[in-house]
Amino acid sequence: MTAKLKSIYIPALLAVIISLAGFTTRFDDGFLQRVANQLQKWTDNYPQEKVYLHLDKPYYAAGDNLWFKAYVTIGPKHQLSALSNVLNVELIDSQDSVKKSLKLLVVNGVCTGDIALSDSLMAGTYRLRAYTNWMRNFNDAYFYDEPLLIGNVINNEVLATAVYSYTPQQTNVTVAYTDVNQTPYVGKPVNYTVKLDNHQVAKGKGITDARGNLTVSFPASEARGYRSGQLISQLKLSDGKTAGAALTFSPAAAQTDVQFFPEGGNMVNGIASVVAFKAVGPNGLGINVQGNIVDNNNQQVTGINARHLGMGSFVLNPQSGKTYRAVLNYPDGSKRTVPLPQALASGYVLSLNRTGNSIRLKITASADLVNKGGDSEVNLVAQAGGTVLYAAKTNLQNASYTALVPASRFPSGIVQFTLFAPGSQLAAERLIFVRNPADQLQMNVASDQNAYTARAKTSIRVHVQDAGGKPVIGSFSAAVIDESKVPVDEREEGTIQSHLLLTSDLQGYVEQPGYYFNQVNEQVDADLDVLMLTQGYRRFTWKPLLTDQLPAIAYQPEKAFRISGTVTTLGGKPVANGKVTLFSTAGGAFVLDTVTNARGQFAFNNLIFKDSLRFIVQARTGKNNRNVKVTMDEPARQPVSAGKAPAGLLTDAPAGYLTYLQNSKLQYNNDVKYGLNGHAIVLKEVVIREARTPAVKHSSNLNGAGSADQIINGDLFERLGCTTIAQCLQGRLLGVIFRNGIPYSTRSPNGGPMQVIVDGAYVSSDYLSTINPYDVGSIEVLRSGGYLAIYGSQGGNGVIIVNTKRGDESSNADFWAAKPGIITYMPKGFYIDREFYKPVYAGPKASSNIADLRTTIHWEKNLIPDSEGNITFNYYNADGTGAYRVVIEGISTDGYLGRQVYRYKVGG
């Protein structure tokens, strides 16, 4: 018999129970009240922040600029956060090393940034990770942590792709080596090293075959216990050069992993229930399997078939005394038998399914749990983001209870239904995904023309409104790409909805997140429901929550920066009541004072400063004794743990990526030819003078002081706060590029590095990285024949002359650092993002003969609708023809999410 649940909708104040039958009663201090109170305490004390990054395109190449806008939200309504004002963004390589880190100032829940991808960056799979300090209190599985493919055809003439095969005895990696035009490298010597979690397990040599392939094998026993493998190889080319390639892969051996997930948590004998499954291949991605479920008598019970990315479900009614197993067929023709979880003799089954605009929920109990009097009350709670939105309770007088709940009661996203047995014991749990049109923005995008010519001015108009047709205020961003050069698989693409509503609440990797939001239909919703059955959700655990065992807070929300340290005597004893002064002369002088405590500790709080700003810290004892030692505190770094995505996720490059790399090579060569390498850098900060300008001080230039193609004044380094000379000069010297800190002239006849001369001494080209930027008085760059002739063969590849400061021009930093009780300190500050380069093809510039090969045509980081919900922005197309793709994303002040893709044509 099936009975109705006494359903309880709990308003914000949790004051009343409203049953489906329509009656009301007081909401007492029973179990449901305690659950609601504890969840409210959780959301009050541990508000949940999330981060989403809108990128300008889905993949990149060395030499590119990566542009992004970060949306930091808080709470179940995804409103823009005012809790944190500092966001950490990191680019992490396949060996879990942080290659680039930024700190960004978050204002009203948003911030913008960019990452210049060095032309020497090794091709491979990277991760882009973003988080606030507050988010560090919780599992880092909920950080923004997304895989990113970065190729390199600028300094590398080899593209490497791999195919993996596994046997119980060994793992095989077959690598295909080609050039950017997919011509195989045949008969080429290769040196390789295999590493598993940075532990070398194999090393050797080989020759590529007639198809440019080389197979590397190592024992499967070597792979056990490791999560990530890397094959690093060097290919010897005909001209004597070598080219490197690094491929990341899963070292897992042989068998596919198949797991079964009974709906609600457990199968119970005598109760029919849904069982979901997921089959994952050695590469960590889903594979489609099929087969049958048989019992211990080898009798077929039901057939099974994966419906999407290795996931599927079937209905099973387990019987007492029987066990069950799956007999599976894999795509490669192999077979495997996997046991199903053992069914319980006594328990509960919680099932949910969508019926029109409602959610039908059903609770079924085994016979021994029915009619047990006062000890048979069960409670059901549905919550999203820590807010209770539905509750029900009943005494089990029937074996089955049902309720029909309007889906409109829940916000878009994951809703967690939890069933508690008598005694407040967790009995079953089920996730369901809700799409609520009421909290999604409606965005209408149009262009002023249906089709354009190359370099034509384009105007995009956007109208943003809520579900009720009212204009909204919020923050938005837009990226325009040439889709013929940057093909996009929208199934693989993460979006603001897929991240904030789905993947940010799930531990583990979600394949093809865009598939669930791109084109919604019954098939997609059914596949999404199977994902809910197989993927875990554990932002908190119930037992500690209900017993008030809330976790301690280790990291506070960052509003600004803190500079702190300790002052001791030269013998190591704390200096109490010592005076500490913090000051800087860069960008305008400022001075702050404080006093040490009894342990010699001091701190300057609520500071806002740009990255790489150099400070002077001066300490004295209470009696003004300067013979003290100052030790600065360094902020604790967030460890780099394994990312969500499986190792080697992007080993097989997405379709069309080769086209992108070919264009990247052409674009880079074009930029070098016309000296456009640093076009995105604000050049007004650079002092560049021609040869006929007044001579520089203390020059060792054999042509005479100031006789150079380009001159850089040393005060540039103090203003920018660069840690190395190469960092400041990259993109600022015409016709000079830096690879791993070594300068190369684009006019070099043999591609060799430039000669570096420091105060008249000829040094190696990598010596630049050892020079303190604050010691530099000026730099002279010689690239043309007239200036290089006097240097003979030593100047054949160009010359960089470094003139260091002397006594008459010493830097403030070095002056103060020479004093007792004083140190210089350069902490991580806020990164100031660059302006996106926007060419203007009007007037004389309209006929420019420099090819415009941009892939990111336009980037708008800060779009705000007017009072009527309208947005307009303009830009000029590039030379590429075909489809241009406009992606607009953002959040309203109410936390409503919006995303719209628009395409238009560009002709010849």
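This is a short tour of a predicted model, stop by stop.

**The whole chain**

Start with everything shown. The chain holds 10 helices and 57 strands. Of its 908 residues, 53% count as buried. The chain exposes about 39,000 Å². Carbon and sulfur atoms supply 49% of that exposed area. Now think about contacts with a separation of 6 or more. Residues 24 or more positions apart account for 69% of them.

**Stop 1: helix α1**

Select residues 31-45. This is helix α1, with 15 residues. How far does α1 reach from its first C-alpha to its last? The span is 21 Å, close to the 21 Å expected at 1.5 Å a residue.

Next, colour the buried residues of α1. They are F31, L32, Q33, V35, A36, Q38, L39, W42 and T43. Keep one rule in mind as you look along the axis. An α-helix has 3.6 residues a turn, so residues three or four places apart point the same way. Try it on L32, V35 and L39, which are among the buried residues of α1.

**Stop 2: strand β13 and its partners**

Select residues 144-151, strand β13. Is this strand enclosed or open? Six of its eight residues are buried, so β13 is largely enclosed by the rest of the structure.

Add residues 124-132, strand β12. β12 and β13 pair in the antiparallel sense, over seven bridges. To find one place where they meet, pick T125; it stands opposite L149 in β13.

Now add residues 60-61, strand β6. Does β6 run parallel or antiparallel to β13? The two run parallel, joined by two bridges. Select A61 and look across to β13: its bridge partner there is G151.

**Stop 3: a four-stranded sheet**

Move on to strands β41, β40, β43 and β53. They form an open sheet in the order β41-β40-β43-β53, with antiparallel pairing. Which strands stand at the edges? They are β41 (590-595) and β53 (822-825). Each has a single partner strand, so one side of each is left without a neighbour in the sheet. Turn the view to see the twist, which averages 20° from one strand to the next.

Stay at the β41 edge and select residues 579-584, strand β40. β40 and β41 pair in the antiparallel sense over six bridges. For a single pair, show K579 and V595: V595, in β41, is the bridge partner of K579.

**Stop 4: T856**

Select residues 856-863, strand β54, and pick out T856. Why does T856 count as buried? Its relative accessible area is 6%, and the cut-off for buried is under 20%.

Show the side chains around it. A polar contact of 2.6 Å joins the side chain of T856 to that of D56. Another polar contact, of 3.1 Å, joins the side chains of T856 and K57. Leaving aside residues up to four places away in sequence, T856 touches D56, K57, V480, I481 and F836.

**Stop 5: N398**

Finish in a loop. Select N398, which lies between β31 (387-395) and β32 (400-406). Is this loop residue buried or exposed? N398 counts as buried, at 15% relative accessibility.

Last, add A365. N398 and A365 are 33 residues apart in sequence. In space, they are 8.3 Å apart, C-alpha to C-alpha.

How values were computed:
Residues numbered from 1 in each chain as written. Predicted model: local features only at pLDDT ≥ 70, side-chain atom pairs only at ≥ 80, totals over all residues. Heavy atoms only, no water. Buried < 20%, exposed > 50% of the residue type's maximum accessible area, 1.4 Å probe, protein only. Pairing = 2+ DSSP bridges. Axes fitted to C-alpha atoms, helices over the stretch in contact; angles between N-to-C directions. Polar contact = N/O pair within 3.5 Å; in protein donor to acceptor, adjacent residues only side chain to side chain. Contact = heavy atoms within 4.5 Å. Areas by Shrake-Rupley, 256 points an atom, 1.4 Å probe, with all protein chains shown as cover. Expected span 1.5 Å × (residues − 1).
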